[in-house]
Amino acid sequence: MKDFSGVLDAVHNLIVNACTAHGRSARSVRLLAVSKQHPASAIRALANGGQRAFGESYVSEALGKIAELNDLDLEWHFIGPIQSNKTASIATHFDWVHSVDREKVLRRLSAQRPDHAQPLNCCLQVKIGDEKRKSGMPAQDAEGLARLAQQLPNIRLRGLMTVPPPSADPDQQRRWFSQLGRLQTALADAGIETDTLSMGMSDDLEAAIAEGATIVRVGTALFGPRPQKKEQP
Ligand SMILES: *Cc1c(COP(=O)(O)O)cnc(C)c1O
């Protein structure tokens, strides 16, 4: 089994250093290990190193791994685009959903969450920097959807998520992330309190932490490059 303890330490160090540089407590940022397109054996190895939260983007791929790893006490986060015919599986098998971007999906997730389960932790995915992207809602729609999330019985609104356009410029990265932070503040001013900003990936996690990220979603820096997919689902 591949030994992941070195990379896990290295990524924790990146997070701690970014927190220190920006005057934040290291405990204020959680690491979500994005395991999409990596095998259950790699997840198990990282779990042995102490990692508990894992992010997946493709429902059917995720369900196989969740079943295979059900002897471990893991927390599963869905972070991919949501087709409405997949909401029942997501509501049943995941603890968090970061990629809620429309009313229909939100209502279905609440209706399909099993009765015995805790409310589903949800973040609203917001488009930042590139309005042509498919995933995510325009920022101006967030308040309405957030109010609905607060009313639905089996949803626990946690905050906001974004995937900004890739940029190698740390200042530009920070400008994108600061927009999500400002939107969270605007929601709070409107009476909608949230505790989560899900932003930052392998290449921009320091900028995200500088701008208030509370969950960073890291794949490549932990698991190495993903195999190229021929088609995006
Ligand atoms: C794949 C993915 C990540 C992880 O990206 P890396 O660059 O590999 O760290 C984070 N968030 C989302 C939404 C993803 O789809």
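In the predicted model, C123 of strand β5 stands opposite G159 in strand β6, where helices (H or I, at least four residues) and strands (E, at least two) are DSSP runs numbered from the N terminus. Residues are numbered from 1 along each chain as its sequence is written, and side-chain values use heavy atoms, with hydrogens and water left out. Because the model is predicted, local features are given for pLDDT of at least 70 and side-chain atom pairs for pLDDT 80 or more, whereas totals for chains, interfaces and linings use all residues.

The pairing of β5 (residues 120–125) with β6 (residues 155–161) is parallel and extends over six bridges, two strands being taken as paired if DSSP finds at least two bridges between them. Within this pairing, Q125 stands opposite M161 of β6. Strand β4 (residues 96–100) is also joined to β5, in the parallel sense and through three bridges, and here V100 is placed opposite L124 of β5. On β6, three bridges lead to strand β7 (residues 196–198), again with the strands running parallel, and the bridge partner of M161 in β7 is S198. M161 thus stands opposite Q125 of β5 and is bridged to S198 of β7.

The connections between these strands pass through helices. A right-handed β-α-β unit is made by β4, helix α5 (residues 103–112) and β5; a crossover is called right-handed if, with the strands pointing away from the viewer, the path from the first strand over the helix to the second runs clockwise. A right-handed unit is likewise formed by β5, helix α6 (residues 142–151) and β6, and another by β6, helix α7 (residues 170–189) and β7.

Strand β5 is mostly covered, with six of its six residues buried, where buried means under 20% relative accessible area, exposed over 50% and partly exposed in between (1.4 Å probe, protein chains only). In a regular strand the side chains alternate between the two faces of the sheet. In β5, L120, C122 and L124 point one way, N121, C123 and Q125 point the other way, and all are buried. Strand β6 is mostly covered as well, six of its seven residues being buried.

The ligand is surrounded by 13 residues, of which K36, S202, G219, T220 and R226 come nearest; a residue is near a molecule or strand if one of its heavy atoms lies within 4 Å of it. This shell divides into six nonpolar, four polar and three charged residues, with Ala, Val, Leu, Ile, Met, Phe, Trp, Tyr, Cys and Pro counted as nonpolar, Asp, Glu, Lys and Arg as charged, and the others, Gly among them, as polar. Polar contacts are pairs of N or O atoms within 3.5 Å; within protein, one must be able to donate a hydrogen and the other to accept it, and residues adjacent in sequence count only if both atoms are side-chain atoms. An N or O atom in the side chain of T220 is 2.5 Å from an oxygen atom of the ligand, a polar side-chain atom of R226 lies 2.8 Å from a ligand oxygen atom, and a polar side-chain atom of R217 is found 2.9 Å from a nitrogen atom of the ligand. Of the 380 Å² of accessible area that the ligand has on its own, the protein covers 87%, with areas from the Shrake-Rupley method and a 1.4 Å probe; for residues, only the protein chains shown count as cover.

Q37 is located in the loop between β1 (30–34) and α2 (40–48). Most residues other than glycine have a negative phi. Q37, although not a glycine, has a positive phi of about 65°. Q37 is buried, with a relative accessible area of 17%, and its side chain reaches the backbone oxygen of P227 at 2.8 Å.

Two helical positions complete the description. E206 has its place in helix α8 (residues 205–210) and is partly exposed, with a relative accessible area of 45%. E206 and A21 are 185 residues apart in sequence and 9.2 Å apart in space, C-alpha to C-alpha. I15, in helix α1 (residues 5–21), counts as buried at 4% relative accessibility.
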